[in-house]
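Please look through the structure shown below before reading on. The briefing that follows goes through a few places in it, grouped by topic.

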Amino acid sequence: MNYSPPHSPLAQTESTYAWMRLGAALLVGTIACVGNWSIVVALPTVQQEFGVARAGATLPYTFVMIGFGLGGVAMGRIADRFNTMLPILIGAVSLCLGYVAAGASQNLWQFTAAHALLGLGASAGFAPLMADVSHWFTRRRGLAVVIAACGSYLAGAIWPLIIQHFIDTQGWRWTHVALGLFAAATLAPLSLMFRPAAPHHTDAPSGAPAAMRGDLKLSPNALMALLVVAGFSCCVAMSMPQVHIVAYCGDLGYGVARGAEMLSLMLGLGIVSRVASGVVSDRIGGVRTLLIGSVMQGVALALYLFFNGLTSLYAISAIFGLFQGGIVPMYAVIIREYLPPREAGVRIGFVMMATIFGMAFGGYLSGLIFDLTSSYRMAFLNGLAWNMLNLALAAFLMLRPKMTASA
C-alpha cells in the first residue's frame, strides 16, 4: 500500500494538501457522476426513439443505479486495499466505453446494458471519495465528507443543461459519445492527485464527540443493517422528483427543457443543503442531522401533491433541493462516527449501494405507477410512505442512547 511517511506533509490531516485533495475529489465527482444524470435528460428522447412506455424508458436509469451501487462497494474495497487512484482510473475507462456503446445502441436493451457501465464509472466519483476525504479531516470531517459528496449534485446542476443543449443541436448519439471521450480525457490525469494513500491514524471511530453521540448499544452489523434500510427508503422517496421531473414537466405541457432547468435548480440548491448539513453535523452529530433532513424532505414531497403550476414547480423543486441534499452523506458521517476507519471504504460503499438501489427501485416504481394510473399523484404518495420509514429509523437511532440508558 502506498502510504506516505509519517513525517511527510501528505500524511497530515487538515493540511493544505488535504484541502487540495478535497477540491480534486469534488471535481472528480462532478465529472464522473455525469453518468447518473444523462439518462434523466435523455429519457423523453429515448422513449420516442425506441417506442417504449415510460417504465421501459426508465430501465436504463435503473441499470445505471445498479452499476453505481455495486460499483460503490467494489470501488470502496479497492480503495481500502490499495488507494483511491485505481477506482478513478477504472471509472474513466468504464464511462468512456459505456457512453460510446450507448451512442451506438440500436435498441433499448443495448442502450440499457451500456448504462450499467456508466453506473460503474460514476461510482468512482462518490462513495470512495467520501471515504477517502474522511481520513484526511478530523475536526471538519462532516464538512469534508459532504463537500466530496457534492460532486454528484454539482454534476446534476451542471450537466443536464449542457446535455439538453447538445441533444437538441447535435443529437443524442453524438452527445453520448462525446461525454465518454471527455470523461476519459479528464479523469485519467485527475486520478494522479489521489496516488498517496489516505492516512489511518487510529482504529477507533471518530467524529462528533462521544458524549454527543451517545452509546447506541448496537453491533456494527446491526447498525449497518439499519443504515441500509434507512438509505434505501429515503432514496425511493427522493427518486420521484429527481428521476421524473423532466418527464413530468413534459406531460404537463411545460416542455422537457423546463424540467431540465428544474432538475438543475434542485440539485444546485442540494449542494447548499449538503454543505450546510456538514457544518451542522460537525456540531450535533450525523444522526440528528439525518433526522432533520428526513423531516424536511417529507415536507417538500408533500408540496408536489398540492401545486403543479410552472412557477410553483420551480419553487418546490428549489425547496426540495434545499431540504434533502444533506441526507445521503449523513450515512457516511454516521459510519465514521461509530465504526472503525479501516473499514470505511467498503462500509460506506455498501450503504451507498442501498441508497442507489433505492433510487433505482424508486425511479422504476414511479414510472410503473404512472403507466398504471396515467398520473404522478400516486407516485408522490408512494414516495411519502417510504420517507416515513426513513424518518422512523432516524428517530430510533437518535433515541437509542436514551433507551439504553434507561434500560
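Trp174 has a relative accessibility of 47% and therefore counts as partly exposed, since that class lies between the buried limit of 20% and the exposed limit of 50%. This is a predicted model, and the values below are to be read in that light. Trp174 is paired with the ring of Phe166, and both residues belong to a nonpolar surface patch.

**Aromatic rings and the nonpolar patch**

- The structure holds 16 aromatic pairs, and one of them joins Phe166 and Trp174, whose ring centres are 5.9 Å apart, with an angle of 35° between the planes.
- This pair of Phe166 and Trp174 is classed as tilted because its angle of 35° falls between the limit of 30 degrees for stacked rings and that of 60 for edge-to-face rings.
- Phe166 lies in helix H7 and, with a relative accessible area of 30%, is partly exposed.
- Ile158, Ile162, Phe166 and Trp174 make up the nonpolar surface patch, which covers about 350 Å², and helix H7, spanning residues 141–170, gives the most to this patch, with three residues.
- Elsewhere, ring pairs link Tyr248, Tyr304, Phe320, Phe370, Tyr376 and Phe380 into a cluster.

**Salt bridges**

- A search of the whole structure finds two salt bridges, and in one of them the side chains of Asp132 and Arg21 meet at 2.7 Å, taken from N to O.
- Asp132 lies in helix H6 (residues 127–134) and Arg21 in helix H1 (residues 16–32), so this salt bridge ties together parts of the sequence that are 111 residues apart.
- Asp132 and Arg21 are both buried.
- Arg258 forms a salt bridge with Glu261, and the closest N and O atoms of these two residues are 2.7 Å apart.
- Both Arg258 and Glu261 lie in helix H11, which runs over residues 256–284, and they are three residues apart, or about one turn of the helix.
- Arg258 is partly exposed, with a relative accessible area of 29%, and Glu261 is likewise partly exposed, with a relative accessible area of 29%.

**Buried residues in helices H4 and H14**

- Ser94 is found in helix H4, which covers residues 85–103, and its relative accessible area of 5% places it among buried residues, because buried means under 20%.
- When neighbours within four places in sequence are left aside, Ser94 is in contact with Leu117, Leu120 and Gly121.
- Arg336 belongs to helix H14 (residues 327–338) and is buried, with a relative accessible area of 2%.
- The side chain of Arg336 makes a polar contact with the side chain of Ser134, at a distance of 2.9 Å.

**A loop residue and its contacts**

- Ala53 lies in the loop between helix H2 (34–50) and helix H3 (54–81), and with a relative accessibility of 44% Ala53 counts as partly exposed.
- Not counting residues up to four places away in sequence, Ala53 touches Gln47 and Asp371.
- Ala53 and Leu368 are 315 residues apart in sequence, while their C-alpha atoms are 9.2 Å apart in space.

Technical notes: Residues numbered from 1 in each chain as written. Predicted model: local features only at pLDDT ≥ 70, side-chain atom pairs only at ≥ 80, totals over all residues. Heavy atoms only, no water. Phe/Tyr/Trp six-rings, centres within 6.5 Å; stacked < 30°, edge-to-face > 60°. Buried < 20%, exposed > 50% of the residue type's maximum accessible area, 1.4 Å probe, protein only. Helix = DSSP H or I, 4+ residues; strand = E, 2+ residues; numbered from the N terminus. Contact = heavy atoms within 4.5 Å. Patch = residues over 30% accessible without salt bridge, like charges linked within 9 Å, V, L, I, M, F, W, Y side chains within 5 Å. Areas by Shrake-Rupley, 256 points an atom, 1.4 Å probe, with all protein chains shown as cover. Salt bridge = Lys/Arg side-chain N within 4 Å of Asp/Glu carboxyl O. Polar contact = N/O pair within 3.5 Å; in protein donor to acceptor, adjacent residues only side chain to side chain.
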